[in-house]
Amino acid sequence: MTNEKSAAAYWSANLRIIIICMAIWALVSIGFGIVLRPVLAMLPITIGGTDLGFWFAQQGSILTFIALIFYYTWYMNRLDRRFGVDEQ
Amino acid sequence: MDQYVLNLIVVGASFALYVGIAIWARAGSTADYYTASRGVNPVVNGAATAADWMSAASFISMAGLIAFVGYGNSSYLMGWTGGYVLLALLLAPYLRKFGRFTVPEFIGDRFYSQSARIVAVICLLVISITYVIGQMTGAGVAFSRFLEVPNTTGLVIASTVVFIYAVLGGMKGITYTQLAQYCVLITAYTIPAVFISLQLTQNPVPALGLFSTHAESGMPLLTRLDQVLTELGFHDYTGHHGTTLNMVLFTLSLMVGTAGLPHVIIRFFTVPKVADARKSAGWALVFIALLYLTAPAVGAMAKLNIITTLYPDGTSEPPIAYEDKPDWMSNWAQTGLLQFEDKNEDGRIQYYNDRSEAFAEVAAERGWEGNEIVVFNQDILVLANPEIAQLPGWVLALIAAGGLAAALSTAAGLLLAISSAISHDVLKSVLTPGISDRQELLAARVSMAFAIVLATWLGLNPPGFAAQVVALAFGLAAATLFPALMMGIFSKKMNTQGAVAGMLVGLFSTLLYIFTYLGWFFVPGTAMLDNVQENWLFGISPLSFGAVGAMLNFGSAWLVMKFTKAPPPEIQELVESIRVPRGAAAAIDH
């Protein structure tokens, strides 16, 4: 870490991506899988004879979680290098 | 070959493999013993974490747990996987950077207080010991079922195997046996699942089969399942039948609880770098998803298959006669997991929902006098699968080895969390701080042996609350450790008083809420209110309270922090240092 300013900038960039990922995390599971299921059911999309919300609750959320973690990992590796805080 | 001999060979071979790995991966220092010297490849750690995480319950019971409730129990799927996002984003990389051995050690150092560390040790012990009881009883049951030995003998054999590789190898031995156990359990789970999926939907991937066409009826599989269930008076599979608030809180409790389980967290101490900790959580979830995407498919397909077997001409026609029932039903009836009773003495098996008032009229019209499958254990859906799909005997033997692998791998991870808390956080830190590394290694092994004996004893004499303990473990992990760890990383201003107050409020509020409905210390008859929805505060079930406990923890910690002294500057610097990955390698030895 070169100076305090870049430490603060690194941390706020990290917090920003965490908040974005957590919002998606909540949206696909608590949102699409449970609370927003009746809303999704109004869309003219069916999957395997049932509505999209059921699919999110049983599979879609899990697949999104995997994508989120790998995206965050990729993003943070880039961020670490940009701020010069990666491990050599 | 005789099925029993086959089971013996496959299970024996898998045990020989675990013991062989343990001898190869002996621990030589405390760093080896607690963290495998932080030299574990992140993908390997992902597989080990998956085995550590997936217990006997995940392997044997989860498909049935979902199939018997349908959509409502999707909470388990989302909750038990969503926790890994929390781990990867909020905890694992920072705890790895901190570079110590145990979870209470982080809490003690970060909150510069031995009392905080001891409170964390107490939470850890309550969580891990309640959790390990289920694993030990699970291993005993699996043994007695597949190897036809008494439950006690089964449990003692299981403990001996864990003893050998956990005491000898510590985290190093456990990591590589868990890798082997993951391979055994996922193979065992997938093979019968592929066959049942092919049989019902002609799709070899069960997760895709669940959302494709049911070959026999030509309808989507889930539509067909909804149809046959409602025709028999059950509620439909895909419908939402609980309250939304409770389902949300239950899902959140499982997510936050998963991220707060010490035996899962310590797995991320074993990778070489901070970036590896993030990556490893992703791989862990990939390996877990291979089973968790398959389980609901297995459950739904097995359920539909059983109903169409019982009603070969459709649910409005008479069901099959007792003498025509398939062999696997007769076989499993001998184990007591399935039980039939010809209530109306017509010689046919009526399976329907006899508690549905709407359906009672139809049942009376047909001369049905009650559901005739009087015991229908949910585990059947996984255990009987190889026979239902008419697979060769070695597949059943593989299921036996897989179930045992799932139970042993989780038990070993829990025992390591328990024993390292005792040797490192209680002995080395508080009682006998002067001991050398060699002495601490010995202490760790003795605590491990002690923990195994305790777990075996608890497995043999399970307190009569086996079903509730998992809820307790998740609720407490969510309400105590997760908030403390998260605030320790994300709030520079969080101090001892706030963290301790938060953990205590989380601990006692969750215990109070669970005990109110399930009995004080689960003693039957001491519950103050009946455990029914009308009595629950805002309709929140005791199982779902962990998320509320976590919020109370955050809230009270923040409040107390506002009125007490800020942490010293060196602690604020410590927090800044754990927030950046650079320098993690230097933190290996301390």
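User: Before we start, when does a residue count as buried here?
Analyst: A residue is buried if 20 or more other C-beta atoms lie within 10 Å of its own, with the C-beta atoms placed from the backbone. Please also keep in mind that this is a predicted model.

User: OK, so how much of chain A is buried?
Analyst: Of the 88 residues in chain A, 34% are buried.

User: What is chain A built from, in helices and strands?
Analyst: Chain A has 3 helices and 2 strands, and along the sequence they come in the pattern α-α-β-β-α. The radius of gyration of chain A is 18 Å, well over the 12 Å that the globule rule gives for 88 residues, so chain A is more spread out than a compact globule.

User: What does the C-alpha trace of chain A span along its principal axes?
Analyst: The C-alpha trace of chain A spans about 55 × 20 × 15 Å along those axes. As for contacts in chain A between residues at least 6 apart in sequence, 58% of them join residues at least 24 apart.

User: Moving on to where the chains touch, how many residues does each chain bring to the contact?
Analyst: Chain A brings 38 residues to the contact and chain B brings 45 residues. On the side of chain A that touches chain B, α1 (4–35) and α3 (52–82) each supply at least two residues, and α3(A) gives the most, with 17 residues.

User: And what is that side of chain A like by class?
Analyst: By class, the side of chain A that touches chain B has 24 nonpolar, 10 polar and 4 charged residues.

User: Can we look at one residue of chain B, say B:Met78: where does it lie?
Analyst: B:Met78 lies in helix α5 of chain B, and with 28 other C-beta atoms within 10 Å, against the 20 that the definition asks for, B:Met78 is buried.

User: Which residues is B:Met78 in contact with, leaving aside its neighbours within four places in sequence?
Analyst: With those neighbours set aside, B:Met78 is in contact with A:Ser29, A:Gly33, A:Ala57 and A:Ser61 from chain A, and with B:Thr251 from chain B.

User: B:Thr251 again brings up α11(B), so how do the axes of α5 and α11 of chain B cross?
Analyst: The axes of helix α5 (residues 74–98) and helix α11 (residues 244–259) of chain B come within 7 Å and cross at roughly 45°. The two helices are therefore oblique to each other, and α5(B) passes α11(B) in a right-handed crossing.

User: Which residues meet there?
Analyst: Among them are B:Met78, B:Trp80, B:Leu86 and B:Leu91 in α5(B), which meet residues of α11(B) including B:Phe250, B:Thr251, B:Leu254 and B:Met255. The residues of this contact divide into 12 nonpolar, 6 polar and no charged.

User: What about α7 and α8 of chain B, at what angle do their axes cross?
Analyst: The axes of helix α7 (residues 114–147) and helix α8 (residues 151–201) of chain B cross at roughly 115° and come within 7 Å, and the crossing is right-handed. The contact is made by residues including B:Met136, B:Phe143 and B:Leu147 of α7(B) and B:Asn151, B:Leu155 and B:Ile157 of α8(B). By class, the residues of the contact of α7(B) with α8(B) divide into 8 nonpolar, 4 polar and no charged.

User: Different topic: is helix α6 of chain B mostly covered or mostly exposed?
Analyst: Helix α6 (residues 103–110) of chain B is mostly covered, since 7 of its 8 residues are buried. The buried residues of α6(B) include B:Glu105, B:Phe106 and B:Arg110. Just after α6(B), B:Tyr112 takes a positive phi of about 35°.

User: Speaking of positive phi, what is the value for B:Ala36, and where is its place?
Analyst: Phi of B:Ala36 is near 50°, which is a positive value in a residue other than glycine, and B:Ala36 has its place in the loop between α2 (30–35) and α3 (42–53) of chain B. With 26 C-beta neighbours inside 10 Å, B:Ala36 counts as buried.

User: And B:Arg38, buried or exposed?
Analyst: B:Arg38 is buried, with 22 other C-beta atoms within 10 Å. B:Arg38 lies in the loop between α2 and α3 of chain B, and its phi is near 50°, a positive value in a residue other than glycine.

Key
Residues are numbered from 1 along each chain as its sequence is written. Chains are lettered from A and ligands numbered from 1 in the order in which they are written. This is a predicted model: local features need pLDDT of at least 70, side-chain atom pairs count only at pLDDT 80 or more; totals for chains, interfaces and linings use all residues. Helices (H or I, at least four residues) and strands (E, at least two) are DSSP runs, numbered from the N terminus. The radius of gyration is taken over C-alpha atoms; the globule rule is 2.2 Å times the number of residues to the power 0.38. A residue is buried if 20 or more other C-beta atoms lie within 10 Å of its own, exposed if 12 or fewer, and partly exposed in between; C-beta atoms are placed from the backbone. Two residues are in contact if their C-beta atoms, placed from the backbone, lie within 7 Å. Axes are lines fitted to C-alpha atoms, for helices over the stretch in contact, and angles run from 0 to 180 degrees between N-to-C directions. Angles under 35 degrees count as roughly parallel, over 145 as roughly antiparallel, 65 to 115 as roughly perpendicular and the rest as oblique. A crossing is left-handed if the near helix is turned anticlockwise from the far one by less than a right angle, and right-handed if clockwise. Ala, Val, Leu, Ile, Met, Phe, Trp, Tyr, Cys and Pro count as nonpolar, Asp, Glu, Lys and Arg as charged, and the others, Gly among them, as polar.
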